[in-house]
Each structure stands twice: as C-alpha cells, then as structure tokens.
Amino acid sequence: MIKQQKIDHLFRHQYGKMVSILTRIFGLSHLETIEDAVQDTFLTATLKWRNELPENPEAWLTKAAKNRVLDLLRKITADQKRISNLNSGPSAITINHLFLDHEIEDSQLRMIFTACHPELKAQDQIAFALKTIAGFSSKEIASALLLKETAVKKRLTRARKTIKDKSITFELPERNTIKNRLHRVHEVIYLIFNEGFHSNRKDMLIRRNLCGEAIRLCQLLLKKEHYRTGGGYALFSLLCFHAARLESKLSEDGKIIDLKHQNRSLWYAPLIALGKDSMTKSYQYNEISSYQMEAAIASEHLKAKTFGDTDWSKILVYYQSLDKLQNSSFTSLNIAIVLLQLQRNDEALKVLSEIDPDQLEQRAYLFYGTQAEYYKNTNEIGKAIDSLDKALQMVSNSSEKAYLKAKKTVLLSNLTRP
C-alpha cells in the first residue's frame, strides 16, 4: 500500500512536469501522443517497481522521460539524421537543459496558461487543465466539475481540436492579458486541491499528493512578480489553512473525524503561519475575491481553541459575502449548515428548500446529510433517518459511508429509546 501511495504521489508530482517539458519540445499538435507516452512511462515504472522502488524514483522517471523524447522523435519525425545526433551535440544539450529545475517550472507555467487560453471555451479550459496539469482521469474531472463523464470527454476533445484549429502556441501570455487568464488558473489550482482535500474516490477520502501539488503550483505563480495578485495570495492562504488540518481529519483506521471532534493540537502551526502571512499580503491589493472570503472562514475555524468557541455568526457573514461574489449550490449548503449550528432552523430550512440536489451531482449526498441535521435539530428523528438513507444510497467513498452509517446508528438508538 505504501509503495502504491508513493507511485501515486510521483505520478501526480511528475505527470504535469513531464507533459509540459515534452510539449515544449514537440509542440501542442502532438499533445495526445505525449500524454500517451507519459502514461506508458508510469505504467512501465509500476511494473518495474513491483518488488522494489529504485533508490531515486524521481531521477528514474526523469531519465525515462528523456528516453521517451527519443522514442517520440522516431515516431513523429522521419529525419533519421536528426535522431542520430540527439545523443550528443547541440540537440542533446538543449533537451538536457529543458530538464533543469527552472526550465521545468517555465514549461509548467506555459502549460497552465495554455490550458487557460482565451481561444478555448471557458467550460473546456478547466477540464483540459486538470487533464494536462494534474493528470486527472475523465472520471476525476467529472467529480471535480460536477459533470457526467461523457460531457468531460467531449470537452477534452473540443479543447484539443480548438488548439489545432486556432494554431495555439505553447507560450506564456503577454503582460496585458495575464490578469484575465489568472482567474481561470487559480480556479484550476483550487479544484486540484479540493479533490485532494475531499476526494470523491471510493477508497480514499484524502489525497495528500494532490493537496501538495496544488500548493506547489500556487507557489510557482507567486514566485513571479507579474503573476502576483490579491486573489493568488488569498488562494495560497486558503490552501495552507486547509492543509494544516489534514492530519486531524481521519483516525488511524481511516474513519472520518468531524470538525467538532478533531484533535486541534495536530493542526500544523507552520502552515497556519504561512497562510496568515499570505492572507496579509492579499489585502495589499485593491481587490476582493472569493478566495479571501473562504480563507477568512478557514481562519475562523483555526482561531477557535475548541469547537464550542467557533464564532459561527462571523462565519455566516463571510459565507453571505461569498454568496454575493460567487453564488453556488455549495455556498448555499454551507450557509444552511452554519444556520443549523446557530440553531436558526427555520432559516436553514428555507435555504435548503431553495437548493436543487441535482445541481450537486456526485456530491448530492451532502445535501441529504445536511437535511438530516435539520431534522435532528427539530427532533424529527424518523425523517432524519430517511434523509441519511438517501445520502447513503448516493455516497461512494467508503469512509464517508461509514461516517453516515454511524450517525444513523445513533439516531436509531434515539428512536428506540423510551
């Protein structure tokens, strides 16, 4: 299991790098071939590492990626003379140069901004970015975007076709176009982190590798002065605040520990401090973003020494501000959850009644879980159990299923108690 987790981590950490480097060498017109080659490299690694991991897996993958450059050149070009010169001379030097750390970062930035190119439809940009930057499968993209898998495949196909038809190049944006592109880039990083923090996979609730990759990509942007914005710093703050709580979310046997019962001494202080510093920097810019509201909410949870100390009234104000900036079914659901914490049950019911669970797609079970909390608050235990049953029918993750079953067991014991 540990070995598989290591390979999965390497895949998430190296996939975007390898695709970006190879795309810089061969161009976007060969992107599908490149993605297949990178997938083949990881498949080969998985088979070779069945018994033992190499001493330096990252170096092994880098060497394998360089070898794939030669393989791809043989497939893409018939210029045998060029191929014979690749092992030495200027071509080999150029390829080796592109595998240096600063060139890898440059290639990844090119890929991020290419995926968020304005010639691509807005709805296609995110799906394409998640695929090329983080190596998400169609199913994972569907989960992140609350879409059907067939819709995701159409978006990926359309994005690749647009790149070819519009002759989009693998370049960084002009300075005067950066601001508009950054909004979409931030959204991609946010979605990558979310899939790590609360995965929709059946066998895994937390995917630390994705959380780490999202933080790294955000840092990559903030290293460049002309990519720094208030929204970017606020996003980094939000990611740090959430990542600081990762160790307290699950028990040793994989059971969910809700916020009320988490061991707050496990919250990682250095990440919290990093998040606070980034939050302060975000306010130096004359802009207010949804990430600032979300980071403020996360900060309130971190400030509270105990669950009982949580300032739910303040959190409600932040969520209401977030709703004005970016109305969504998820924001409404969170508002209802906060209202339930404040025992403002009638208001919570009104908010819940205005949410269409279908809009939440694979996360619809969260609506019914919240509805169960409302019925529990109003002492309608039978209805609460019915709502949990609906949630259990929809949830796919095994840890979340076990969590909901445990809540149902408690309610059943209350129902039968004289």
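Start by selecting serine 167: at 54% relative accessibility, this residue counts as exposed. You're looking at a predicted model, so keep that in mind as you click around. Serine 167 sits in the loop between helix 9 (149-165) and helix 10. Check its backbone: phi is positive, about 50 degrees, although the residue is not a glycine.

For another one of that kind, jump to glutamine 343, where phi is about 60 degrees, again positive and again not at a glycine. This one lies in the loop between helix 16 (329-341) and helix 17 (345-353).

Now go back and select helix 10, residues 178-197. From first C-alpha to last, its 20 residues reach 28 Å, close to the 28 Å expected at 1.5 Å a residue. Colour helix 10 by accessibility and you'll find it mostly covered, with 15 of the 20 residues buried.

Next, salt bridges. The whole structure has 21 of them; here are some to visit.

Show the side chains of glutamate 140 and arginine 207, which meet at 2.7 Å, N to O. Glutamate 140 belongs to helix 8 (residues 138-145) and arginine 207 to the loop between helix 10 and helix 11 (208-222), so the salt bridge ties together parts 67 residues apart in sequence. Are these two partners buried or exposed? Glutamate 140 counts as buried at 9% relative accessibility, and arginine 207 counts as buried at 1%.

Move on to lysine 314 and glutamate 300, a salt bridge whose closest N and O atoms are 3.6 Å apart. Lysine 314 is in helix 15 (residues 312-325) and glutamate 300 in helix 14, 14 residues apart. Lysine 314 is partly exposed at 36%, while glutamate 300, at 6%, is buried.

Then pick glutamate 373 and lysine 407, with closest N and O atoms 2.5 Å apart. This salt bridge links helix 18 (residues 364-377) to helix 20 (residues 398-416), across 34 residues. Glutamate 373 is partly exposed at 24%, and lysine 407 is partly exposed at 24% too. Before leaving the salt bridges, select Arg24, Asp106, Arg110 and Glu171: shared partners join them into one network.

Last stop: helix 13 (residues 269-282) and helix 14 (residues 290-303), whose axes come within 11 Å and cross at roughly 140 degrees. The crossing is left-handed. Show Ile272, Met279 and Ser282 on helix 13, then Gln292, Ala295, Ala296 and Leu302 on helix 14, to see the contact. Its residues divide into five nonpolar, two polar and no charged.

How values were computed:
Residues numbered from 1 in each chain as written. Predicted model: local features only at pLDDT ≥ 70, side-chain atom pairs only at ≥ 80, totals over all residues. Heavy atoms only, no water. Helix = DSSP H or I, 4+ residues; strand = E, 2+ residues; numbered from the N terminus. Expected span 1.5 Å × (residues − 1). Buried < 20%, exposed > 50% of the residue type's maximum accessible area, 1.4 Å probe, protein only. Axes fitted to C-alpha atoms, helices over the stretch in contact; angles between N-to-C directions. Left-handed = near helix turned anticlockwise from the far one by under 90°. Contact = heavy atoms within 4.5 Å. Nonpolar A, V, L, I, M, F, W, Y, C, P; charged D, E, K, R; others polar. Salt bridge = Lys/Arg side-chain N within 4 Å of Asp/Glu carboxyl O.
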